[in-house]
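Please look over the structure below with one helix pair and one residue in that pair in mind.

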Amino acid sequence: MYPEELEKYLEIQQISKNLSETISNYYHIRETQIRWWNVTEFFKDTKKITITPLNKNQFNKLINSNYGIYGLTIINKYLSMVYYNDTSIPSRQHFTILHELSHIQLHSHTKNETYSSLIIGNDYSAEDTIKEQEANTLASHLLINDSALNQYINNGFTFNQISKEFEISHEALKNRIKNYLKYYYIKNNINNYEEDKIIQNPFIYASSITTKYMDDQRIYLKSF
């Protein structure tokens, strides 16, 4: 399982790195200076995309559904339309916008596609679940890219300071760091441990280090 899982993570990580480099050059800023709004504006400037806030009632009219929804992406041959729930807290709105843009980056392979971010996430098909997980992974990288994550943690910024600086929720930042550590561990240990240990150790390692950091203990991240 882990080689395939790692391969997909590294693929999305590389897509994020390429986007960060492109956005850095486009706006003449360092990659560590990129924030969620730079990513959003870049997509709007370079692709045929509209981004529109909607409330719950407007969403229900648009998709004729009573499901709670964070965001929606509609892709056709003319343009891509992103809608997000403006009644969510700001950090959730930022993540939703980047999640929907991630669908456009990763999954817009045909002329007509629709993706919805449901508040109750267990209503997806198996295929859609994979796509939602991939969009979540890229969105978390776009919220805070690897260069910024490494620099801010290694320079002594606390968990709360990074959360505030990048306008990212505590839960999203916790998952971002845990996944970074988990896949770093797998990549560097996949050939050195028996399979049963590989299944357990990445989660234990990533969770314990992240918990230490959230408790204001210093940690150090290595790039990979």
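The briefing goes from the whole protein to the helix pair and then to the residue.

This is a predicted model, in which local features need pLDDT of at least 70 and side-chain atom pairs count only at pLDDT 80 or more, while totals for chains, interfaces and linings use all residues. Residues are numbered from 1 along each chain as its sequence is written, and side-chain values use heavy atoms, with hydrogens and water left out.

**Whole protein**
- The protein has nine helices and four strands, taken as DSSP runs (helices H or I, at least four residues; strands E, at least two) and numbered from the N terminus.
- Of the 224 residues, 45% are buried, meaning under 20% relative accessible area with a 1.4 Å probe and protein chains only.

**Helix pair α2 and α4**
- Helix α4 (residues 90-107) packs with α2 at an angle of about 40°, the axes being 10 Å apart, and α2 is therefore oblique to α4 (neither under 35 degrees, nor over 145, nor 65 to 115).
- On the α2 side the contact (heavy atoms within 4.5 Å) is made by Trp-36, Val-39, Thr-40 and Phe-43, and on the α4 side by His-94, Ile-97, Leu-98, Leu-101 and Gln-105.

**Thr-40**
- Thr-40 lies in helix α2 (residues 36-46) and counts as buried because its relative accessibility is 6%.
- Leaving aside residues up to four places away in sequence, Thr-40 touches Ile-51 as well as Ile-97, Leu-98 and Leu-101, and the latter three belong to the α4 side of the helix contact.

Notes
Buried means under 20% relative accessible area, exposed over 50%, partly exposed in between (1.4 Å probe, protein chains only). Axes are lines fitted to C-alpha atoms, for helices over the stretch in contact, and angles run from 0 to 180 degrees between N-to-C directions.
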